[in-house]
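Got the viewer open? Load the model, pick a cartoon view with side chains on demand, and follow along stop by stop.

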Amino acid sequence: MIELIAKLLRGPVYLAGETVECSVTFRNPSPPENTRSQSNNDVFENLAWASVQLHCICAVNESRVVGGHNKPALADTATSASSSTSYVPFKGESGQIVVATKPKILFCDLRLSSGESKSFLYTETLPSEAPPSFRGQAVKYSYKLTVGVQRVNLPIKMLRVPLRVLVIQGVTETFMYGENEELTPSNPFLEHQQKESTTDLALQELQNITARRSPNFYNITNSRGKVVRFCLFKQAYKLGEDIVGTFDFTDAVVPCVQLSVALQSDEEIEEGRRRHAGQGPSIAIFSKTHEVCLGMNYSHLCLPIPLHLAPTFSTDLVSLKWKLHFEFVISVEPETDLQVIPDEGGLWQGPANLPIETMVWDLPVTIYPSNPQLVSQGLRAQTKHEMIF
């Protein structure tokens, strides 16, 4: 019996272009003390080889996407005689392989005595142009790191370790390909400073983009006049942040009874890959807030962005965009018709019947990734995976 342990040293979340580090340990457990004997202490386990490979598979909803992306993996079409002895990391997966690194051999002919363990370090750099991890209604991108191992004269066993890859849209391409070289002249009298990694530079640029505040004001009106003035402090956000805004009803002509704001995603298939000619984007709601605002002069918006969401991205197959979807329930009658009925406590009494109508409005926003380590800690994602064979 062999125990296989794979542990991601930097967590299961990475940026495209980062280096994945995984510690792979093979251990031959000692037998229980009550069954231990001299013969058991002399038992060895022989492993023929072990290899690791990282791959990304794209699966699609064929009712919405044109293309044979859900064909079985290569191992499913292999002959039964070789399926147990040939190493195919994506065996049993359905979809198209869009990223596949070269397999790296950890060892050949490893012998472990009882109680002995051996650890190996696997490192692999994710391609900068790789698509992000995404589980949508029409398209799914999933990353896995597969450890394959074979004991002598026995079938191959595989341990799959899931990963999550984030892409900084519009920033990754610049910093991952080294186009950020400083053009200032070098000074021979200054000490040589170590260059920052491309990942650190990308995260620094990401911080500059999402920390930039430029309040935008929007006058929301209909045919009868102004409903509310909305202020959004910035347009770019990171995963885990709160979308904060304010509503100003002081100059409103049309009374607003209540409002709701939802964070919506638009998953749009590229035009040449759509199943139907008039096919629109797939819409999903992830956060929503609701407020009754009748009689108020001011209100505010605080909408959290969950860490498990996929940031804004675009590939040759699908694009993901985000927006704030507003729904305003407004009164058809003017606010002067809403009477205040005094009682013992001087409380305001609303009308028994109130004719209303609903108006909607969408405001695009951009969502960027956060630091991968912060995302891993926030989600408490699993970093250690085990298998006994």
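Start with the aromatic pair at Phe134 and Phe313: show both, and you'll find that they are buried, meaning under 20% relative accessible area with a 1.4 Å probe and protein chains only, where over 50% is exposed and in between is partly exposed. A word on ground rules: this is a predicted model, where local features need pLDDT of at least 70 and side-chain atom pairs count only at pLDDT 80 or more, while totals for chains, interfaces and linings use all residues. Residues are numbered from 1 along each chain as its sequence is written, and side-chain values use heavy atoms, with hydrogens and water left out.

**The whole chain**

Zoom out and colour by secondary structure: you get five helices and 21 strands. Those are DSSP runs numbered from the N terminus, with helices being H or I of at least four residues and strands E of at least two. Of the 389 residues in the chain, 43% are buried. Take the contacts (heavy atoms within 4.5 Å) between residues at least 6 apart in sequence: 76% of them join residues at least 24 apart.

**Rings**

How many aromatic pairs does a search of the whole structure find? The search returns 13. Rings of Phe, Tyr and Trp (its six-membered ring) pair when their centres lie within 6.5 Å; planes under 30 degrees apart are stacked, over 60 edge-to-face, and the rest tilted. Back to Phe134 and Phe313: this pair is edge-to-face, with 5.2 Å centre to centre and 70° between the planes. Phe134 sits in strand β8 (residues 134-135) and Phe313 in strand β18 (residues 313-314), so to speak a link between distant parts of the chain, 179 residues apart.

Next, select Tyr218, Phe230, Phe247, Phe249, Phe326, Phe328 and Trp361, which form one aromatic cluster. Then go to Arg111, which lies over the face of Phe44, 3.9 Å from the ring centre. The test for that is NZ of Lys or CZ of Arg within 6 Å of the ring centre and within 35 degrees of the ring normal.

**Along β4**

Strand β4 covers residues 44-60, and Ser51 is in it. Ser51 is buried, at a relative accessible area of 5%. Show its surroundings: leaving out residues up to four places away in sequence, Ser51 touches Tyr87, Pro103, Lys104, Ile105, Leu106, Thr146, Val147 and Gly148. Draw a distance from a polar side-chain atom of Ser51 to the backbone oxygen of Lys104 and you should read 3.2 Å.

His55 is in β4 too, and is buried with a relative accessible area of 1%. Which residue lies 44 places from His55 in sequence but 5.2 Å away, C-alpha to C-alpha? That is Val99. Beyond four places in sequence, the contacts of His55 include Val99, Ala100, Ser142 and Tyr143.

**The cores**

Now for the nonpolar cores, sets of buried Ala, Val, Leu, Ile, Met, Phe, Trp, Tyr and Cys residues joined through side-chain atoms within 4.5 Å. The largest has 77 residues, and Phe26, Val139, Leu145, Phe247, Leu263, Leu324 and Phe328 have the most contacts inside it. Another core lies apart from it, with eleven residues, among them Val13, Leu15, Ala202 and Leu203. Centre on Leu324: setting aside neighbours within four places, its contacts include Leu232, Ile243, Leu303 and Trp361.

**Helix α4**

Select residues 198-211, helix α4: its 14 residues should span 20 Å at 1.5 Å a residue, and the end C-alpha atoms are indeed 20 Å apart. The expected figure is 1.5 Å times one less than the number of residues. Buried along α4 are Thr199, Leu201, Ala202, Leu203, Leu206, Ile209 and Thr210.

**Two loops to finish**

Asn153 is in the loop between β9 (139-151) and β10 (156-166). What is phi there, in a residue other than glycine? Phi of Asn153 is near 65°, a positive value, and Asn153 is exposed, at 76% relative accessible area.

Last stop: Arg380, in the loop between α5 (372-379) and β21 (384-388). Phi of Arg380 is near 50°, again positive in a non-glycine residue, and Arg380 is exposed at 77%.

Notes
A polar contact is a pair of N or O atoms within 3.5 Å; within protein, one must be able to donate a hydrogen and the other to accept it, and residues adjacent in sequence count only if both atoms are side-chain atoms.
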